[in-house]
Amino acid sequence: MTNRFASGNAALTVKVVGIILILSFLLDFLILIFPFQPTDRLWQINLATALVDRGIVPLVGIGMLFVGYWIDGVNDSDRQKSLDIRFPVLVLSSILGLMFLLIFPLHLNNVRQASTQNVEQIGQDAEQAENQLQSQLPQLQAQINSEQGKAQLEQIRKQARNQFTEVLKNEESYQQALNNPQIPAAQKELLQRFKENPEELDKFIAQQTDPQAQVTQRVTQIRQRREAAEKQAKESAWKSGMRIGISSLLLSIGYMIIGWTGLRSMGVLQGSKRKVAAR
């Protein structure tokens, strides 16, 4: 009697937990689809990602629900049987299987198109930045070619040369700069180059104060950032597509196996086949 009561209580507990898991997913689904924007590609991607990430929840719920019914079947008793909801749950499992099967190709296509659009936007932004720099070059050159501009440029070069020279001539200051962890490694390498070859200092200062060289350097940096951003966008899209796509396909297989196998065992699919054969 005690074992029968314990098994009945366990069956009820498992069923309740399974039903709660299934209902929680359906509630999340209703919340996620609002605001309803089926033509928005980003909305579709976010919805597919959220559904697939939560897709295992109802699968576990269905499994626990059927474990509860299995416990009831093993524990034969004369007590009143609980409401049997296996049929609608199997139908729901089949529907979820078809839904995740559709998500698989749709999400891959949406991610591919979003990645292409993102890469194009990155290219347009980089091209716009390059054109802006090129348009500013004549104005900078005109300012530098004026008497006032030449005087300011010469003063800037002189100040930079004096700062570096003071550090290089003083061995103690030079060693302190090399041992200072706050100074970047690139600057330390420059100091070593200037120490070995003082002529490199004048070339470096001239290059750093040349408008054309500055524009060329910035254009190079823009192109490097563009390549890095495009690579990151493509990798993120590939990872998202593969993760969500494969997970969606696996969930689809799992739900279809549970739904169709269960319906066939209940005679639902067999009954439909007999009707077709009778015709």
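**Exercise 1.** Which backbone oxygen lies 2.8 Å from a polar atom of the side chain of Lys188? Describe the surroundings of Lys188.

*Solution.* The model is predicted, with pLDDT of at least 70 needed for local features and 80 or more for side-chain atom pairs, while totals for chains, interfaces and linings use all residues. Residues are numbered from 1 along each chain as its sequence is written, and side-chain values use heavy atoms, without hydrogens and water.

Step 1. Locate the residue: Lys188 is in helix 7, residues 185–196. Helices (H or I, at least four residues) and strands (E, at least two) are DSSP runs, numbered from the N terminus.

Step 2. Look for a charged partner. Lys188 is buried and has no salt bridge; Glu189, the nearest side chain of opposite charge, is 11 Å away. Buried means under 20% relative accessible area (1.4 Å probe, protein chains only). A salt bridge requires a side-chain nitrogen of Lys or Arg within 4 Å of a carboxyl oxygen of Asp or Glu. In assigning charge, Lys and Arg count as positive and Asp and Glu as negative, with His and the chain ends not counted.

Step 3. Look for a polar partner: the oxygen asked for is that of Asn180.

Step 4. List the contacts (heavy atoms within 4.5 Å). Beyond its neighbours within four places in sequence, Lys188 touches Ala177, Leu178, Asn179, Asn180, Pro181 and Ile183.

**Exercise 2.** Which residues of the largest nonpolar core touch the most other members?

*Solution.* Step 1. Apply the definition: a nonpolar core is a set of buried Ala, Val, Leu, Ile, Met, Phe, Trp, Tyr and Cys residues joined through side-chain atoms within 4.5 Å.

Step 2. The largest core has 21 residues, and Leu96, Met99, Phe100, Ile103 and Tyr255 touch the most other members. At least two residues come from each of helix 1 (2–32), helix 2 (41–54), helix 3 (56–74), helix 4 (86–145) and helix 9 (211–265). Helix 4 supplies the largest share, 6 residues.

Step 3. Take Phe100 as a case. Apart from neighbours within four places in sequence, the contacts of Phe100 include Phe25, Leu51, Ser248 and Tyr255.

Step 4. A second, separate core has 9 residues, among them Ala177, Leu191, Phe194 and Ile205.

**Exercise 3.** Where does Pro35 lie, and is the peptide bond from Phe34 to Pro35 cis or trans?

*Solution.* Step 1. Pro35 lies in the loop between helix 1 and helix 2.

Step 2. The bond from Phe34 to Pro35 is cis, with omega near 0 degrees. Most peptide bonds are trans.

Conventions: Buried < 20%, exposed > 50% of the residue type's maximum accessible area, 1.4 Å probe, protein only. Polar contact = N/O pair within 3.5 Å; in protein donor to acceptor, adjacent residues only side chain to side chain.
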